[in-house]
Amino acid sequence: MKLLQAKLAKYDAPQKAKAAGVYPYFRKIESEQDTEVLINGKKVLMFGSNSYLGLTNHPKVIEAAVAATKKYGTGCAGSRFLNGTLDIHIALEDRLAKFVGKDEAIIYSTGFQVNLGVASCLTGREDYILWDELDHASIIEGCRLSMSKKIKYKHNDMESLEKKLQMCDPDKVKLIITDGVFSMEGDVATQRANVTDELAKKYNAAVYVDEAHGIGVFGNQGRGTCDHFGVTKDVDLIMGTFSKSFAALGGFIATDSVTANYLRHNSRSYIFSASITPASTAAVNAALDIMESEPERIEHLWKVTNYALDGFRNIGCEIGHTSTPIIPLFIRDNDKTFAVTRDLLEDGIFVNPVVSPAVPSQDTLIRFSLMATHTIEQVDRALECIQKVFKKYDIIK
Ligand code: PMP
């Protein structure tokens, strides 16, 4: 064995979980992403999806993707910068910019690449990036690549943020980056109005909000949390992904023209990666049509969300500070989290385990998420199974 493999072979946590029969990853789904999916030929209720509006199998979205594939082919064979820009990319960028209320938008091939390529290139060596300790991994990777001074503040804690801002040189650029809705805990950057109106203005900082889980869920027609809190104009950069409410793959950053011009010519994950497929581009456009014309979808998402939030509180689950379709069910024990995930799947309920090292082992949880296409009956069935399994493992009384 070479040194590399000898070193990597010491990492055996997955093998141990497999041997114990609780390995929860890469579960093979044999059907489309819907509220019910097929696993091992068996119907399972899906409560682990990010398809908040339930559009990945919507006939109009599929039709648009097929039509675009027929017209433009399956791929663009190059980066946006050179041979990979299509007219439909530009049209979608214009539409997204207007949708979220910014001058311009730039589409990247994934949401991860947006955060990676934007957070890493805007600020220089002398400048500062201030980031929430629970920001998404893609923001953290972007920060790692930046030459700037990186300062972590306590989760959603504006006092902590202010203290860190006070440590910065007043004459240098400061960029605050936060998730709009935090991806695992489901809580909202509720202090956003303070961040932008007070702290950002007081310390002349720019603000960058990741709306991956906010768009399609919050705001007028799903414009996101910045729209919901009325702070769009004070936020300098709004990021979105296509892999959740937009039912496809890709992501975008929306911002002012000066920043957009800089990004288009300096953001490496944009320049040195092929552009998103015609199918994804057209699917997002069709999903936007539906978001704008069918507000009842978002209303229903909130109806099942509030029903589930009440249901989990009533059965005594610890759900933290969430108020969104992302509901963390805290278990606070790695082994129990794996076992619960397995037992629930056996009972026909698909949920996602969030365990160490993604979170500290005392913070492990089951991430339960809702879609606009779930029914109250499906939520009832999940509540019943979860209550039974949580009692079995002594997580609730
Ligand atoms: N930001 C957040 C908050 C996310 O949750 C995710 C995906 N889980 C991303 C960015 C990355 O998006 P994508 O799936 O488009 O790469």
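**Aromatic pairs and nonpolar cores in a predicted model**

Student: Does Y25 count as buried, partly exposed or exposed, and what would be the right word for Y25 in this predicted model?

Tutor: The model is predicted, and its computed relative accessibility for Y25 is 34%. Since buried requires under 20% and exposed over 50%, Y25 at 34% therefore counts as partly exposed.

Student: Which class of accessibility does Y23 fall into?

Tutor: The relative accessibility of Y23 is 25%, and the buried class is reserved for values under 20%. Y23 therefore counts as partly exposed.

Student: How many aromatic pairs are there in the whole structure, and what is the geometry of the pair formed by Y23 and Y25?

Tutor: A search of the whole structure finds eight aromatic pairs. In the pair of Y23 and Y25, the ring centres are 5.4 Å apart and the planes stand at 90°. Planes over 60 degrees apart meet the criterion, so the pair of Y23 and Y25 is edge-to-face.

Student: Is the pair of F242 and F252 stacked or edge-to-face?

Tutor: The ring centres of F242 and F252 lie 6.0 Å apart, with their planes at 25°. Because the limit for stacking is under 30 degrees, the pair of F242 and F252 is stacked.

Student: How many residues apart in sequence are the parts that F242 and F252 tie together?

Tutor: F242 lies in the loop between β8 (237–241) and β9 (251–255), whereas F252 belongs to strand β9 itself. F242 is buried at 0% relative accessibility, and F252 is likewise buried at 0%. The pair therefore ties together parts whose separation in sequence is 10 residues.

Student: Which residue lies over the face of Y23?

Tutor: Ring pairs link Y23 into a cluster with Y25 and F338. Over the face of Y23, at 4.7 Å from the ring centre, lies K18.

Student: Which helix gives the largest share of the largest nonpolar core?

Tutor: This core has 85 residues, and those that touch the most other members are F246, F252, F312, L329 and F368. The largest share, eight residues, comes from residues 376–392, which form helix α15.

Student: How many residues make up the other core that lies apart from the largest one?

Tutor: Among the members of this other core are I129, C143, M239 and Y270. The core to which they belong has a size of 20 residues.

Student: Which strand is joined to β3 by five bridges?

Tutor: Strand β3 (residues 104–108) is mostly covered, with four of its five residues buried. Y108 stands opposite G251, and five bridges in an antiparallel arrangement join β3 to β9.

Definitions and conventions:
Residues numbered from 1 in each chain as written. Predicted model: local features only at pLDDT ≥ 70, side-chain atom pairs only at ≥ 80, totals over all residues. Heavy atoms only, no water. Phe/Tyr/Trp six-rings, centres within 6.5 Å; stacked < 30°, edge-to-face > 60°. Buried < 20%, exposed > 50% of the residue type's maximum accessible area, 1.4 Å probe, protein only. Helix = DSSP H or I, 4+ residues; strand = E, 2+ residues; numbered from the N terminus. Lys NZ or Arg CZ within 6 Å of the ring centre and 35° of its normal. Core = buried A, V, L, I, M, F, W, Y, C linked by side-chain atoms within 4.5 Å. Pairing = 2+ DSSP bridges.
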